[in-house]
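Below are some comments on the model, set out as numbered points. They cover a sheet and its helices, a hairpin, and the cysteines.

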Amino acid sequence: MSDNKIYLANPEEIIKDPGDSSRTAGSDREGEMEIPTKLPLLPVRDIVVFNYMILPLFVGRDKSVQAIDQALNNNRYLIICTQKDEQTENPGPDDLYHTGTVVMIMRMLKMPDGRLKVLVQGISRARIRSFVQTDPLDIVEIEVVRDKEFADPSSESEALLRAAREQSEKLLGLRGVDSAEIMAVLNSVDDPGRLADLVASNLRMKPSDAQQILECEDPLQRLRMVNEQLAREVEVASMQAKIQNMAKEGMDKAQREYFLREQLKAIRKELGDVTESGDDIEQLRQSLKKAGLPARVMKEAEKQLQRLENMHPDSAESTVARTYLEWLVEIPWKKKTKDRLDIKEAEKILDEDHYDLEKVKERILEYLSVRKLNPRMKGPILCFVGPPGVGKTSLGQSIARSLNRKFVRISLGGMRDEAEIRGHRRTYIGSMPGRIVQSMKEAGSVNPVFMLDEIDKVGTDFRGDPSSALLEVLDPEQNHSFTDHYLNVPYDLSRVMFICTANILDTIPSALLDRMEVIRIPGYTEQEKVKIAKKFLLPRQIHECGLRDKDVRISDGVIKEIIRNYTREAGLRNLEREIGSVCRKIARQVAEGKKGPFRITRHKLGRLLGGARFKAEDRDTELPPGVAIGLAWTAYGGEILHVEVSLMPGKGKLILTGQMGEVMKESAQAALSYARSRARKLGLDENLLDKRDIHIHVPAGATPKDGPSAGLTMVSSLVSALTDKILPNDTGMTGEITLRGRVLPVGGIKEKILAAVASGIKTVIIPQANRHDFDEIPTDLRKNIQVRTVENIDQIWPVLQIGQTSLEKHD
């Protein structure tokens, strides 16, 4: 039976109704209260209210608060129904059980946090007939549910009544509850239905089981169901009492063994037969002194060492203390590697490992230069952002090699537990430090290059927020005293060089992003990929396949063929896989006894790798009116997309399809509003837009799309459809638009231009404010594409060859 917050009400003392004498859903026999047919509805999550049940409720939802106010302003009655799913925040008619209990509000108190605390008493079971009102609160029409008439007591009913009372008394005794007053109430009830309600209201049951009892109209059947629940609860309580007795006996045994061991220890000490681990403790003390612990940490270590000396070696506490001290010994506190401060040598190593990436290399050399002039400077916190496969992780290894530092890496992808960063407290069994301290132990020095991979994929759940724990790790003003929950002493991370990697910045919390210096690695051009493949990828795959350099001959043209027809990525992973596949097939021929060298030609490439997986972007020789080519950015590089506009007879309705996000939909609305406002200037019939439905579609409907950069493409395709003009099939565009016709800057310009060049586009239109981004494009790439910058939408029409026209044929 329930142990708190639910009270037994004597059925004879139930509160009488002070309400009005309006039309009622029914009343009990003469002298009992009348219940209105229309009452406010109060949904509850995890409890079923029975008749005669008095319980407090905390009310916080707006609808529920208004239901309480409505009841208090009228007759203090309302109906309580239980939700089918307690997770539902705003339950509707289908989310509730329709059988509930009419209750009276006995008392109401407003809490400081805005919630209401109400004390209610069950009056009568009722069933919802219909929902009269659902906003701003639920008001329902009800009918009172009456028990079937109970005939004269029979032997069966008397047996059920006695069984319920006896099992209730037994259950109270097992739980150590004084049963005298409760049993007095139960013994005074001879009606099976009322006794069933009284007992059920105090049983621990699932809401679904309690609801079944509430809905049962047969008093004897309801009492049978309650007896079944009582029998189950008695069985569970008996097993619980048995487990508690066993635990108590085990505790007594452990205490007895402890005293016996202490006596044995004293006897052995008197005999001089000491077998304590004194030598191990002394060795641990010497190791702590050599570890170079700070004074505060040494004080904690000495405290734990003294506790360890007073413990029995076989006790569980001894193992915990010893493991903690061993961690303190093994973590580096002063040991560090000597930085290579030769700028030229470091630059040489970076160039050996990576092609291009001038910004990253320049930043590392700047750090070395400042480190050379100021040895006490704090380590930088860099964040490499770019598509997969551009070399972010391998760049961290190269940086460590150039600095002559140790390199450690942890992956944060999918991490949801804060304890992964801060560690577990030593009160937990099997506790250990977090990944930060574990990695520092692995590095063995206080100044490693520490890579936090996939920082944009950190999750969060009920176990905490790892990204919040990383705030202390990645803040130069705080990480000199990072506190791991397991160590519970400050640890200095200020000399660590942290490098984070991410594919996108949107999912990184702003507070965390503010602590990092972001360096973008957007991707590689085709020419850069060819040079990287010749210098790095091909030699590595030849070596891994056990071949010699002279066995494989691949020309630049063949590598370009692989890049164009077998990969489509901003990075290099798939390119290396395809080169590795070619090398493995050559290795098989060598293993079969064939002699090299093996020259790979474009003709042989098809036999080695199969048919081309990608073809040049299918571009019509002539785009139909209403189709424009846009440029998009994704976490995996740039992409081109087509925006299609179709006009149909209608009433000016705008239809948007293709899984557009909210921002993209707003761009379409802005494009249509711009076209309406410039109709006369564009030579459009101003009445045409009211006579046509406009359908805007972005193909690849299974892929979600969002962002403001499609605005320029949408307005171009819309005007093309309205003017029946064809847009050039070799022109792509990107840019955000405003209602005034301004073209605003967007991101990912380099990735978009790389995608345009790869797709054979010759002209790209970008916002004027993004001109500086184009200046960062390699010179050899600029020769392959013409870039036009615009500040206003009107400036794109000459580029797209759209001018004044007539739409008479549309009428």
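1. The model is a predicted one. In it, 5 strands make up an open sheet with parallel pairing, and their order is E11-E12-E15-E10-E16. The edges are strand E11 (407–411) and strand E16 (517–520), each of which pairs on one side only. Direction ignored, neighbouring strands of this sheet are turned by 20° against each other on average.

2. Within that sheet, strand E10 (residues 381–385) pairs with strand E15 (residues 497–502) in the parallel sense, over 5 bridges. As a point of register, Ile-381 is placed opposite Phe-498 of E15.

3. What lies across E10, E11, E12 and E15? Helix H12 (residues 392–403) does, and it runs at about 175° to strand E12 (449–453).

4. Helix H10 (residues 343–353) has Ala-346, Ile-349 and Leu-350 as its buried residues. Viewed down the axis of H10, these buried residues fall within an arc of 100°, so they line one face of the helix. They pack against helix H11 (358–373) and against H12, and H12 is the helix that lies across E10, E11, E12 and E15.

5. The N-terminal end of H10 is capped by Asp-342, which has a side-chain oxygen 3.2 Å from the backbone nitrogen of Lys-344.

6. Strand E9 (residues 139–144) has antiparallel pairings with E4 and E8. With strand E4 (residues 38–44) it shares 3 bridges, and Pro-40 has Ile-139 in E9 as its bridge partner. With strand E8 (residues 116–133), E9 shares 6 bridges, and here Ile-128 is partnered by Ile-142 in E9. E8 and E9 form a hairpin, with 5 residues between them.

7. How many disulfides does a search of the whole structure find? The search finds 0. Cys-500 is in no disulfide, and the nearest cysteine sulfur, that of Cys-383, is 5.4 Å away. Cys-500 counts as buried because its relative accessibility is 0%.

8. Why does Cys-583 have no bond to the closest cysteine sulfur? That sulfur belongs to Cys-545 and is 5.1 Å from the sulfur of Cys-583, which is too far for a bond; the cut-off for a disulfide is 2.5 Å. Cys-583 is likewise buried, with a relative accessible area of 0%.

Definitions and conventions: Residues numbered from 1 in each chain as written. Predicted model: local features only at pLDDT ≥ 70, side-chain atom pairs only at ≥ 80, totals over all residues. Heavy atoms only, no water. Buried < 20%, exposed > 50% of the residue type's maximum accessible area, 1.4 Å probe, protein only. Pairing = 2+ DSSP bridges. Helix = DSSP H or I, 4+ residues; strand = E, 2+ residues; numbered from the N terminus. Axes fitted to C-alpha atoms, helices over the stretch in contact; angles between N-to-C directions. Contact = heavy atoms within 4.5 Å. Arc of directions from axis to C-beta. Polar contact = N/O pair within 3.5 Å; in protein donor to acceptor, adjacent residues only side chain to side chain.
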